[in-house]
Amino acid sequence: MLFRFSLYGFLKNQRYFEPFLILALLEKGLSFFAIGILIAFREIATNVLEIPSGSIADLLGRRRAMQVSFAAYLGSFLMFWQATEQRWLWPAMLLFAIGDAFRTGTHKAMIFAWLQAEGRSNDKTQVYGYTRSWSKLGSATSVVIGAALLFWLDSYAAVFLLSAVPVALNLINLSSYPSYLDGELRTGSRLRDVWQHSRAAMIEGISKPRLRALWIESMSFEGVFHAAKDYLQPLLATAAAVWFTTKSDLAGVDTGSWSDLQRSTLIIAPVYLCLHLMSAFASRRAHQLVAALGNNEQRAASLLWSTYTGVFSGLLIGEITHSMTVSIAAFVLLHALQNLWRPILLTRIDQLTNNQNSAVTLSIESQGRRLATVCFAPIFGLAIDSARAASPDAHGIYWPIAIVGIVVGLVMVCLRRRPSLPT
């Protein structure tokens with residue numbers, strides 16, 4: 001099963017468009033604020049479906065929920081491929097949201113159910129970190145393939161179409177999962193059962209102060225991260241424009257006839273490749289960080305919050321000094337940090353959760369993170385549009401992200417030091 005779990009993650013992240021999504025949307029004429037609104041729409045739609053989808057997975061079968069998820073992804077990618085007008089981006093994002101809603105939390109619950117069946121519940125951080133590392137290796141592979149396709153075809157549309165192929169392969173992989181991973185199914189379950197199951201899981205989470213505290217941490221860390229992470233793409237595109245103005249010849253090849261897309265690809269691809277390889281390493285070593293701190297997830301979380309604040313401080317320095325190298329490094333480190341954080345966070349949540357409610361509880365956690373992203377994404381977009389209007393050369397415009405990250409990090413560091421905070 002560990003192979004199939006890892007294969008799932010590897011295929012899931014074969015999204016050849018992902019390192020270039022913001023640039024593809026900018027090419028369609030969207031502003032950063034419009035992109036923020038579109039992302040917020042996706043997160044809201046996912047939130048509406050998140051908890052009931054988790055309950056459906058717990059009650060009617062996790063494998064079935066995963067199959068619905070990947071069928072929606074398939075439709076989304078095909079619609080992005082065909083979208084020639086901005087109005088088609090909304091239904092494409094809606095299908096993407098359906099895919100996320102039926103997937104998030106469900107596959108993690110299947111991994112944890114397998115570990116319990118195998119008597120390996122103490123290995124949650126290690127095993128989840130291992131499978132997550134394969135997801136990041138999948139992302140690294142997709143960067144290479146996506147960059148090659150973009151450079152060859154000089155078009156964003158084709159990479160959306162080709163991303164549908166690994167989705168179909170993953171549907172085959174999911175169909176091979178054993179039926180016991182579906183959990184204890186209830187025959188004849190109805191919408192009322194779904195609501196009651198969701199309500200029971202929410203009450204369980206609300207009634208546990210420690211679980212509430214973890215949801216707040218998730219919203220703070222993951223909300224800012226997911227709203228900010230893709231701004232690395234236009235930052236790299238700006239770096240490419242600057243670099244190629246001084247490099248009209250590359251290894252004996254005349255680059256003067258290359259398009260902006262092709263030039264950006266040559267910069268974005270190696271950075272994202274390094275980013276995903278670092279993220280894979282971080283995920284696989286998350287359990288070692290916990291072990292080095294006396295098998296104490298709480299100490300590990302405190303260390304990561306302090307590091308989080310430091311990384312955003314580095315981003316602010318890079319933006320103030322107009323050092324794109326420092327800003328790029330900060331974004332890359334933020335991705336690696338999130339992949340240390342995620343396995344540790346999910347282990348802490350699972351330790352406080354009833355196994356039968358695990359899929360919906362993890363979906364609630366993801367919903368909280370998405371709600372925070374809904375708030376931060378339009379704010380970041382509007383602030384960066386304003387900063388760009390004041391800076392014609394597009395240098396040093398991502399400082400609003402750094403300010404928000406520093407404030408959130410400092411608040412969480414201070415809260416975790418309070419003896420009254422439930423940890």
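A residue counts as buried when its relative accessible area is under 20%, as exposed when that area is over 50%, and as partly exposed in between. The exercises below apply this to a predicted model.

**Exercise 1.** Decide whether Phe5 and Tyr177 are buried or exposed, and work out how their rings are arranged.

*Solution.* Begin with Phe5, whose relative accessible area is 1%, so that Phe5 is buried. Turn next to Tyr177, which has a relative accessible area of 2% and is therefore buried. For the arrangement of the rings, recall that a pair of aromatic rings is described by the distance of the centres and the angle of the planes. A search of the whole structure gives 21 aromatic pairs. In the pair of Phe5 and Tyr177, the ring centres are 5.5 Å apart and the planes stand at 80°, and because planes over 60 degrees apart count as edge-to-face, this pair is edge-to-face. Finally, place the pair along the chain: Phe5 belongs to helix α1 (residues 2-12), while Tyr177 is in the loop between α9 (164-175) and α10 (191-207), so that the pair links parts of the chain 172 residues apart.

**Exercise 2.** Describe the aromatic pair formed by Tyr8 and Phe70, and find the cluster that contains these residues.

*Solution.* The pair is edge-to-face, with 5.8 Å from centre to centre and 70° between the planes. Tyr8 is in helix α1 and Phe70 in helix α4 (residues 62-82), and the two residues are 62 residues apart. Tyr8 and Phe70 are both buried. They also belong to one aromatic cluster, whose other members are Phe17, Tyr73, Phe77, Phe80, Phe96 and Phe160.

**Exercise 3.** Which residues have the most contacts inside the largest nonpolar core, and which helix gives the most to this core?

*Solution.* The largest nonpolar core has 110 residues, and within it Leu232, Tyr308 and Ile401 have the most contacts. Helix α15 (residues 324-350) gives the most to this core, namely twelve residues. To look at one of the residues named above, leave out those up to four places away in sequence; Leu232 then touches Val271, Tyr272, Leu275, Ile328 and Phe331.

**Exercise 4.** Classify Ile37 as buried, exposed or partly exposed, and name the surface patch to which it belongs.

*Solution.* Ile37 is found in helix α3, which covers residues 32-60. Its relative accessibility is 32%, so Ile37 counts as partly exposed. On the surface, Ile37 joins Phe33, Trp90 and Leu382 in a nonpolar patch, and together these residues have about 340 Å² of accessible area.

Terms used:
Residues are numbered from 1 along each chain as its sequence is written. This is a predicted model: local features need pLDDT of at least 70, side-chain atom pairs count only at pLDDT 80 or more; totals for chains, interfaces and linings use all residues. Side-chain values use heavy atoms; hydrogens and water are left out. Patches are made of residues with over 30% relative accessible area and no salt bridge: like charges are joined within 9 Å, nonpolar side chains (Val, Leu, Ile, Met, Phe, Trp, Tyr) within 5 Å. Accessible areas come from the Shrake-Rupley method with a 1.4 Å probe; for residues, only the protein chains shown count as cover. A salt bridge is a side-chain nitrogen of Lys or Arg within 4 Å of a carboxyl oxygen of Asp or Glu. Helices (H or I, at least four residues) and strands (E, at least two) are DSSP runs, numbered from the N terminus. Buried means under 20% relative accessible area, exposed over 50%, partly exposed in between (1.4 Å probe, protein chains only). A nonpolar core is a set of buried Ala, Val, Leu, Ile, Met, Phe, Trp, Tyr and Cys residues joined through side-chain atoms within 4.5 Å. Contact means heavy atoms within 4.5 Å. Rings of Phe, Tyr and Trp (its six-membered ring) pair if their centres lie within 6.5 Å; planes under 30 degrees apart count as stacked, over 60 as edge-to-face and the rest as tilted.
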